[in-house]
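I opened a fresh page for this one and wrote things down as I looked them up. Here is the structure I had on screen.

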Amino acid sequence: LGLALYTSSLCAVSGATFLYHDYCVIGAGPAGLQAAYFLQQAGRDYIVFERSHAPGSFFALYPRHRKLISINKQYTGKSNSEFNLRHDWNSLLSHDRRLLFRRYSRDFFPSADTMVRYLEDFASLLKLQVQYNTAIIHVTLEKNEQAWNGHYFILTDQDRKNYKCSSLLVAAGTWVPNVVNFPGSEYVEGYETVSINPEDFAGQTVLILGRGNSAFETAENILGVTNFIHMVSRSRVRLSWATHYVGDLRAINNGLLDTYQLKSLDGLLEGDLEDLAIIKDKKGKLHITLRFYLENRNISAGIDSITLPQDELDNFATRAPYDRVIRCLGWKFDFSIYNRSLRLLPGKGNIKKYPQIKPSYESRGTRGLFVLGTASHSVDFRKSAGGFIHGFRYTIRAVHRLLENRHHGVPWPSTSYPITHLTNSIIKRVNEASGLYQMFSVLADIILLKENATAFEYLEEYPIGVLAELEMQTGRKVHNGLFVIIMEYGRNFSGADKDVFYYNRAVGEAQHAWQSNFLHPVIYYYKRLPTEREMRLRPPDWPLPQPDAIHHIVEDFLTDWTAPNAHILPLRRFLENCLGTDLRNFFAESCFLFAFTHQKLPPSCQQGYVRMQGLLGSQELRHHAVQAGLLHNYTDSDFLGDRPPDSHDGSQEQLMRDHGIPVRPLQHLVNAKDE
């Protein structure tokens, strides 16, 4: 009994040392700060843990050669701030206009040092709750039925201080270097430590392991001083302009492709790095061989006793010895600090460097654990921009909205409009929205139709991977069908082996919009919300299940989908066909005539003219409408006989009253027509 009491007292003391917060965020990089901003704006109890003395510690070291590949476009020709974010890949979302990245740098590809300064200002100016010099070294679970998710997260830092939280947001990024072990790999220098002074490579022959942007960035830095550079990787080079994936090789770093194809000594090779072996000779030169040549041999016995590939194949590609071998294989997520109880496991295949998460960015193993930022890129790896600031700033906002609904009963933000605003609402969003544009095929705008299609509710930037869970995740109900608006590239246009510059690569006519190749809006119509089974069994490479109807807005060279005939008219007719209604806007005179010739007035007449709403007319507007053929050239005498225009007594007034139509002077009931 005494032992039990002692143990319980220890637990009580131990429990008292826990510092509690509703939300714990690991990492004060761009993702962690973005999450902190949304939590602070909502007035939530949170804390951000950062192992370094300042935010953005990753950018204090990387990229090694200090030039970012995220664009910073100063001018777009437009003043719309939402549109301009489409071409600002560095700014985080906030209400403070001072925290736009273009105010920090005018360079199209800015310096990483500028990013560090920007993140420091973002944290300090917005007074975010960041606890620096705190390295979380262990995370585990504590079961508790009273907790939000049935358990608390217990975090321990380097000083053995403990923290407890109800929801854990992991925004630590991917920072552990990928390392391939093979015989002789101890002679390889890592990207994280190799010299960035080109003079240190003067007159040397260099082999680079890897074929991503870090590898080509390293090669670009020493291209002009080396004898030659060879680059080896297991897969062929993937050019971002062909794959439409910003994480593939960018043009700013691809100088070595020129020198390779123009036969200026440099070259690219494909091969499995785990099959390689490196042998160092007496002069310090590094020889490349294959692992199977070393079987049953003592590598320390010297190069003379080992068979090299060129001994059997005298034109072996890498027969020349190298002075240096550099590893540039990217980074992976640090799984080491997470206890098994969290079941935070690596993905499979080419996403094994990321943790397994759902399309909602929640861990597949533990409820309440969300992965944000670069580490969440498994959701859209090689498909969209979720691994980069200009993508995950929107996915983090989506996660915040999911959490607000789950834990605080705050439904997903929405705006309700009359059905007459449907076409214009879609056109506005596809021409301005940055989240749809950057997170194409991942985030979507959702339009929920009201009863009898008289109105609709508009939800912005919802993760389509959890479309089947929309009602539960948003707190909004789907009763009468829905539209889903996303941006897509053509089905067969992107790929490492695609020629994206072929003749007639673009479509210009609305009737061929479904063949559009470049990024363009696509509208899916469902009479009911798709089920989880339908989402799981959707066609390959389709972001959504087969809809009841689908409409492609034809691609546009200027990404400006406002052409009346090519863009707006086909969209309006598609919507009308889905809804079985007329979405045109009519002048008051047309509504007046419809009242006597139709059993049902168009929505614009019901919601405007009949309710005595609309623009006040004038003689100039009426004259313009007549000249444009939008109104008939009736004279006042056609309706009022010999009465003066301002007289409202008589048969017309009485006739309108008999039909329940409000009476106003015709010249004051001319609505603007929008076709």
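My entries follow, from the whole chain down to single contacts.

**Entry 1: the whole chain**

I began by noting that this is a predicted model. I then looked up the secondary structure and found 20 helices and 22 strands in the chain. The chain has 675 residues, and 51% of them are buried. For the surface, I got an accessible area of about 32,500 Å². Carbon and sulfur atoms account for 50% of that surface. I also checked how far the contacts reach along the sequence. Taking contacts between residues at least 6 apart, 65% join residues at least 24 apart.

**Entry 2: cysteines**

How many disulfides does a search of the whole structure find? I found one. C591 and C605 form it, with 2.0 Å between their sulfur atoms. C591 sits in helix 16 (residues 588-597) and C605 in helix 17 (residues 603-609). The two cysteines are 14 residues apart, and the pair links distant parts of the chain. I noted the hand too: the angle about the S-S bond is -80°, which makes the link of C591 and C605 left-handed. As a reminder to myself, a disulfide is a covalent bond between the sulfur atoms of two cysteines.

Are C591 and C605 buried or exposed? Both are buried. I looked up two further cysteines while I was there. C24 counts as buried because its relative accessibility is 0%. C165 also has a relative accessible area of 0%, so C165 is buried.

**Entry 3: salt bridges**

My search of the whole structure gave 22 salt bridges. I picked some to follow up.

The first one I wrote down joins R66 and D113, whose closest N and O atoms are 2.8 Å apart. R66 lies in the loop between helix 3 (57-61) and helix 4, while D113 belongs to helix 5 (residues 112-125). This pair links distant parts of the chain, with the two positions 47 residues apart in sequence. Why does R66 count as buried? Its relative accessible area is 17%, and the cut-off for buried is under 20%. D113 is at 46% relative accessibility, so D113 counts as partly exposed.

Next I turned to E189 and R324, whose side chains meet in a salt bridge at 2.9 Å, N to O. E189 is in strand 8 (residues 189-190) and R324 in strand 14 (residues 324-327), so this pair ties together parts that are 135 residues apart in sequence. E189 counts as partly exposed because its relative accessibility is 23%. R324 has 15%, so R324 counts as buried.

Then I took a pair within one helix. The side chains of K428 and E432 meet in a salt bridge at 3.1 Å, N to O. Both are in helix 11 (residues 422-432), four residues apart, so about one helical turn separates K428 and E432. An α-helix has 3.6 residues a turn, so residues three or four places apart point the same way. E432 has 22% relative accessibility and therefore counts as partly exposed.

I also noted a network of salt bridges that links R397, R429, D445, E460 and E461.

**Entry 4: helix 5**

D113 had brought me to helix 5, so I stayed there, citing its place in residues 112-125 once more. Helix 5 has 14 residues and reaches 20 Å from its first C-alpha to its last. That is close to the 20 Å expected at 1.5 Å a residue.

Which residues of helix 5 are buried? I listed A112, T114, M115, V116, Y118, L119, F122 and A123. What covers these buried residues includes helix 2 (30-41), helix 3 and helix 10 (389-408).

I looked at both ends as well. At the start of helix 5, a side-chain oxygen of S111 comes to within 3.1 Å of the backbone nitrogen of D113. Just after helix 5, K127 takes a positive phi of about 55°.

**Entry 5: N84**

My last stop was N84, in helix 4 (residues 81-84). A polar atom of the N84 side chain lies 3.1 Å from the backbone oxygen of K78. What does N84 touch, leaving out residues up to four places away in sequence? I found T76, K78 and S79.

Technical notes
Residues are numbered from 1 along each chain as its sequence is written. This is a predicted model: local features need pLDDT of at least 70, side-chain atom pairs count only at pLDDT 80 or more; totals for chains, interfaces and linings use all residues. Side-chain values use heavy atoms; hydrogens and water are left out. Buried means under 20% relative accessible area, exposed over 50%, partly exposed in between (1.4 Å probe, protein chains only). Contact means heavy atoms within 4.5 Å. Accessible areas come from the Shrake-Rupley method with a 1.4 Å probe; for residues, only the protein chains shown count as cover. A polar contact is a pair of N or O atoms within 3.5 Å; within protein, one must be able to donate a hydrogen and the other to accept it, and residues adjacent in sequence count only if both atoms are side-chain atoms. A disulfide is a pair of cysteine sulfur atoms within 2.5 Å. A salt bridge is a side-chain nitrogen of Lys or Arg within 4 Å of a carboxyl oxygen of Asp or Glu. The expected span of a helix is 1.5 Å times one less than its number of residues.
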